[in-house]
Amino acid sequence: MDLNRYIDYTNLKVDATLKDIEALCNTAIKYSFQSVCVSPYYVRLAKELLKDTNVLVTTVVGFPLGYNTTSTKAYEAIEAVNNGADEIDFVINIQALKNKDYEYIKNEIEEIRDSIDGKTLKVIIETCYLSEQEIIKMTEICNETFVNFIKTSTGFGSRGCSLEDIDIINKHKNEILEIKASGGIRDFDFACKLIEKGVTRLGVSNIDSLKGEK
């Protein structure tokens, strides 16, 4: 299986340098990955490095804990788009979810969705902290708000994605909603299993471990 166009090649390390991001972008160009995912600080750099290529620029909002206020997240998202981001991966307010404040979460998603000028929006639900019922609820909210993707993990939580997470989401998502799996994708077989379950994007920070990747 050719994984290239599934991959958001990611470097969100706190100590990532200019050289690291240059290497990330060069590798993404070499292998024709779908996008690079970088911190907001590096969006302009990545956009410049990737000009005249088909590789998109993804960045993160409310990352990694998600408990920023809605207005803060919306400002982050708008600024990211103005700086050249093609796709926004943003973390839900998990505290609000735990409080069953579903209207807050729905309103937050809609505000960010409406602020980014039609750019792709991926909603990070951080499954490691959620019960099955909370994963189901977030899938339903993503259906209702017509976002592009539901994303499993930040990669900074207590674990990454699991096949069980994907099964739960698949049972409750509509036909439009796509799935991005991220966190803990460290071998080719696991990546293939995720794709076989319908995942259309993979957040990957180490491609060397994906044996069989072209």
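**A few notes on this model**

1. Let's start with K73: this lysine is buried, with a relative accessible area of 0%. Keep in mind as you look that this is a predicted model. Why does K73 count as buried? Because buried means under 20% relative accessible area, and K73 comes out at 0%.

2. Now look at who surrounds K73. The residue sits in helix α3. Leaving out residues up to four places away in sequence, K73 touches V61, G62, G66, N68, F90, V91, I92, N93, E108 and I112. Two of those names, E108 and I112, come back in the next point, since they belong to helix α5.

3. So which helix packs against α3, and how? Helix α3 (residues 70–82) and helix α5 (residues 102–115) have axes that come within 9 Å and cross at roughly 20°. That makes α3 roughly parallel to α5, because angles under 35 degrees count as roughly parallel. The crossing of this pair is right-handed.

4. Zoom in on that contact. From α3 you get T70, K73, A74, A77 and I78, and they meet Y104, E108, E111, I112 and S115 from α5. Sorted by class, the residues of this contact are 5 nonpolar, 2 polar and 3 charged.

5. Here is a second helix pair to set beside it. Helix α6 (residues 132–145) and helix α7 (residues 163–172) pack at about 45°, with their axes 9 Å apart. That makes α6 oblique to α7, and their crossing is right-handed. On the α6 side, E132, I135, I136, T139 and N143 take part, meeting D165, I168, I169 and H172 of α7. By class, that contact has 4 nonpolar, 3 polar and 2 charged residues.

6. Next, the nonpolar core. Which residues have the most contacts inside the largest one? They are V123 and I185, in a core of 62 residues. Helix α8 (residues 188–196) supplies the largest share of this core, with 6 residues. Setting aside residues up to four places away in sequence, V123 touches F90, I92, I109, M138, C142, V147, F149, I150 and K151. F90 and I92 also touch K73, so you've met them already.

7. Last one: T58, in strand β3 (residues 56–61). T58 is buried, with a relative accessible area of 0%. Beyond its neighbours within four places in sequence, T58 is in contact with D8, S35, V36, C37, V38, E87, D89 and K122. Also find T120: T58 and T120 are 62 residues apart in sequence, and 9.0 Å apart in space from C-alpha to C-alpha.

Definitions and conventions. Residues numbered from 1 in each chain as written. Predicted model: local features only at pLDDT ≥ 70, side-chain atom pairs only at ≥ 80, totals over all residues. Heavy atoms only, no water. Axes fitted to C-alpha atoms, helices over the stretch in contact; angles between N-to-C directions. Helix = DSSP H or I, 4+ residues; strand = E, 2+ residues; numbered from the N terminus. Parallel < 35°, antiparallel > 145°, perpendicular 65-115°, else oblique. Left-handed = near helix turned anticlockwise from the far one by under 90°. Contact = heavy atoms within 4.5 Å. Nonpolar A, V, L, I, M, F, W, Y, C, P; charged D, E, K, R; others polar. Core = buried A, V, L, I, M, F, W, Y, C linked by side-chain atoms within 4.5 Å. Buried < 20%, exposed > 50% of the residue type's maximum accessible area, 1.4 Å probe, protein only.
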